[in-house]
Amino acid sequence: MKEPVEYRIEHLRQRLAAADIAELGVRVDLRGDTVVLSGTVATPECRAAVRRIAEAELAGVPLLTDVVVGHTDPPEHAEVLR
C-alpha cells in the first residue's frame with residue numbers, strides 16, 4: 001500500500017532540501033489531486049533535477065511543473081541615475 005500523497009509530498013520536500021541541488025526555492029503544493037511544483041531555480045539543469053526527483057517520489061500522482069529559471073546575467077549597460 002502506498003503512503004498518502006501528503007506524506008509523499010513531505011518526502012519530496014526533504015529530498016529537494018537534501019539533494020546536491022539543495023533547492024529550497026521550490027514550492028510543493030497539493031491542488032485537488034494534482035501536485036504543483038512552483039518557484040525559481042538557478043539553471044535549466046536544476047529544473048530538470050527537480051522534475052526528475054518529483055517524478056520518482058510521486059510516481060502515479062498527477063504532477064504540474066511551473067518552475068522557472070532565474071536570470072543572473074549581469075546587465076548589458078550601466079544604469080543611468082538622475
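This is a short talk on the fold, the core and a few chosen residues of one protein chain.

Good morning, everyone. Please keep in mind throughout that the structure shown above is a predicted model.

Let me begin with the overall architecture. The protein chain contains two helices and three strands. Read from the N terminus, these elements follow the order α-β-β-α-β.

Next, the overall dimensions. How does the radius of gyration of the protein chain stand against that of a compact globule of 82 residues? For such a globule one would expect a value near 12 Å, whereas the protein chain has 16 Å. Along the principal axes, the C-alpha atoms occupy a box of roughly 65 × 25 × 15 Å.

I turn now to the surface. The protein chain has an accessible surface of about 5900 Å², and carbon and sulfur atoms account for 54% of that area. Of the 82 residues, 28% are buried. As for charge, there are 10 positive and 14 negative charges, and the mean positions of these two groups lie 3 Å apart.

Let us look inside. In soluble globular proteins, nonpolar side chains tend to be buried together. In this model, the largest nonpolar core consists of 16 residues, and L12, L16, V26, V28, V35, L37 and L58 have the most contacts within it. Which elements supply this core with at least two residues each? They are helix 1 (5–18), strand 1 (26–31), strand 2 (34–41), helix 2 (44–57) and strand 3 (63–69). Helix 2 contributes the most, namely four residues.

How do distant parts of the sequence come together? If we take contacts between residues at least 6 apart in sequence, 58% of them join residues at least 24 apart. V35 offers an illustration. Setting aside neighbours within four places in sequence, V35 touches V5, I9, V28, D29, L30, L58, V61, P62, L63 and L64.

One of those partners, L63, belongs to strand 3. Is L63 buried or exposed? L63 counts as buried because its relative accessibility is 18%, and the limit for buried is under 20%. Beyond its neighbours within four places in sequence, L63 is in contact with T34, V35, L37, R51, A54, E55 and L58. By contrast, consider A78, which is 15 residues away from L63 along the chain: the C-alpha atoms of L63 and A78 are separated by 42 Å.

Helix 2 deserves a closer look, and I have chosen two of its residues. E57 is located in helix 2. Although glutamate carries a charge in our count, E57 has a relative accessibility of 18% and therefore counts as buried. Outside its neighbours within four places in sequence, E57 makes contact with R8, H11, L12 and R15.

The second residue, R47, also sits in helix 2. R47 has 33% relative accessibility, so it counts as partly exposed. Apart from neighbours within four places in sequence, the contacts of R47 are V41, V67, V68 and V69. R47 and A78 are 31 residues apart along the chain, with their C-alpha atoms 30 Å from each other.

Finally, let us consider a loop residue. Where does L24 lie? L24 is placed in the loop between helix 1 and strand 1. With a relative accessibility of 69%, L24 counts as exposed. From L24 to R52 there are 28 residues in sequence and 16 Å in space, taken from C-alpha to C-alpha.

Thank you for your attention.

Methods: Residues are numbered from 1 along each chain as its sequence is written. This is a predicted model: local features need pLDDT of at least 70, side-chain atom pairs count only at pLDDT 80 or more; totals for chains, interfaces and linings use all residues. Side-chain values use heavy atoms; hydrogens and water are left out. The radius of gyration is taken over C-alpha atoms; the globule rule is 2.2 Å times the number of residues to the power 0.38. Buried means under 20% relative accessible area, exposed over 50%, partly exposed in between (1.4 Å probe, protein chains only). Contact means heavy atoms within 4.5 Å. Accessible areas come from the Shrake-Rupley method with a 1.4 Å probe; for residues, only the protein chains shown count as cover. The place of a charge is taken as NZ of Lys, CZ of Arg, CG of Asp or CD of Glu. A nonpolar core is a set of buried Ala, Val, Leu, Ile, Met, Phe, Trp, Tyr and Cys residues joined through side-chain atoms within 4.5 Å.
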